[in-house]
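Let's walk through this model together, starting from a single residue and then stepping back to the whole chain. Have the sequence and the coordinates open as you read.

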Amino acid sequence: MWMIYAIGSAFFAGITAILAKCGIRKTDSDVATAIRTIVVLLFSWLMVLITGTWTGIAEIEGKTLLFLVLSGMATGASWLCYFHALQKGDINKVVPIDKSSTALTILLALIFLQEGLTWGKAVSILLIGVGTLLMLSRKESSAEKGRQGSSWLVYAVLSAVFASLTAILGKIGVTGIDSNLGTAIRTIVVLVMAWLMVFISGKQKEVRQVRKKELGFIIMSGLATGASWLCYYRALQGGPASVVVPIDKLSILVTIAFSWIVFHEKLTKKSALGVACITIGTVLLAII
């Protein structure tokens, strides 16, 4: 059963971006992120109840709480940038850049946490970097450039940077605390940050104007994230992490497949080679 749960985790993680893209065609990405975070928050605390780790709240130290809050702020910034990028750019371009945060996290861990860099990790980082560049090498038509602009790239890169900071700050913050409880606490921070962004930018009136169809996709995107977390946890309970983690990381293949089916975003030979490099590099990181 753990193998089924691991595949389910990758599937739900993969369709999250697809559902989110469907939900932000007309809806502002900040508003969509704020609504979606409510659903994710419910799932994160459901995880805490399922694992019975809520009793650890009283034992959280001040330093741990500080880094959890900082990690939550980085997560919120990453999500806001990610959905901005999805709204403006192709999924096949945004997702690989976001996934490159894995390699960036290793570099930051080397700098700030003094974690070692093996030859295996170096090769993995190189493969992910080359794969990301290949995914971005696709030529765009003039009409496509005019419609999308280049701002999506800035948001996608910022999404990866903040995601990497999330991992570094989160690693410090989860010391002596269950990871599920830490995630739930971080999600509270993300929720507050997302709604603050909505109110600061004066977009609160747009919440009531969200189309029902797009609201459904936004909610389903949050449900997909929650389902992915639940499946991932169940898979780790029954199976070896060395197998579960690589399967979960292959969610990028699910995203690309559905982007072709739903949005008709096709891959060139270079893009396909880029996907292969990113996939191999990610799997290597998980098994070495």
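Leaving aside its neighbours within four places in sequence, which residues is Ser159 in contact with? In this predicted model, the partners of Ser159 are Ser78, Cys81, Tyr82 and Asp98, once those sequence neighbours are set aside. Ser159 itself belongs to helix α8, which runs over residues 151-173. Its relative accessibility is 0%, and because buried means under 20%, Ser159 counts as buried.

Now zoom out from that helix to the fold. The chain has 13 helices and zero strands, so reading along the sequence you meet the pattern α-α-α-α-α-α-α-α-α-α-α-α-α. The radius of gyration is 18 Å, close to the 19 Å that the globule rule gives for 288 residues, so the chain is as compact as a globular protein of that length. If you would like a box to picture, the C-alpha trace spans about 55 × 50 × 40 Å along its principal axes.

How does the inside of the chain look? Of its 288 residues, 49% count as buried. Take the contacts between residues at least 6 apart in sequence: 89% of them join residues at least 24 apart.

Finally, turn to the surface and the charges. The chain exposes about 14100 Å², and carbon and sulfur atoms supply 69% of that area. As for charges, the chain carries 26 positive and 14 negative ones, and the mean positions of the two sets are 8 Å apart.

Key:
Residues numbered from 1 in each chain as written. Predicted model: local features only at pLDDT ≥ 70, side-chain atom pairs only at ≥ 80, totals over all residues. Heavy atoms only, no water. Helix = DSSP H or I, 4+ residues; strand = E, 2+ residues; numbered from the N terminus. Buried < 20%, exposed > 50% of the residue type's maximum accessible area, 1.4 Å probe, protein only. Contact = heavy atoms within 4.5 Å. Rg over C-alpha atoms; globule rule 2.2 N^0.38 Å. Areas by Shrake-Rupley, 256 points an atom, 1.4 Å probe, with all protein chains shown as cover. Lys, Arg positive; Asp, Glu negative; His and termini not counted. Charge placed at Lys NZ, Arg CZ, Asp CG, Glu CD.
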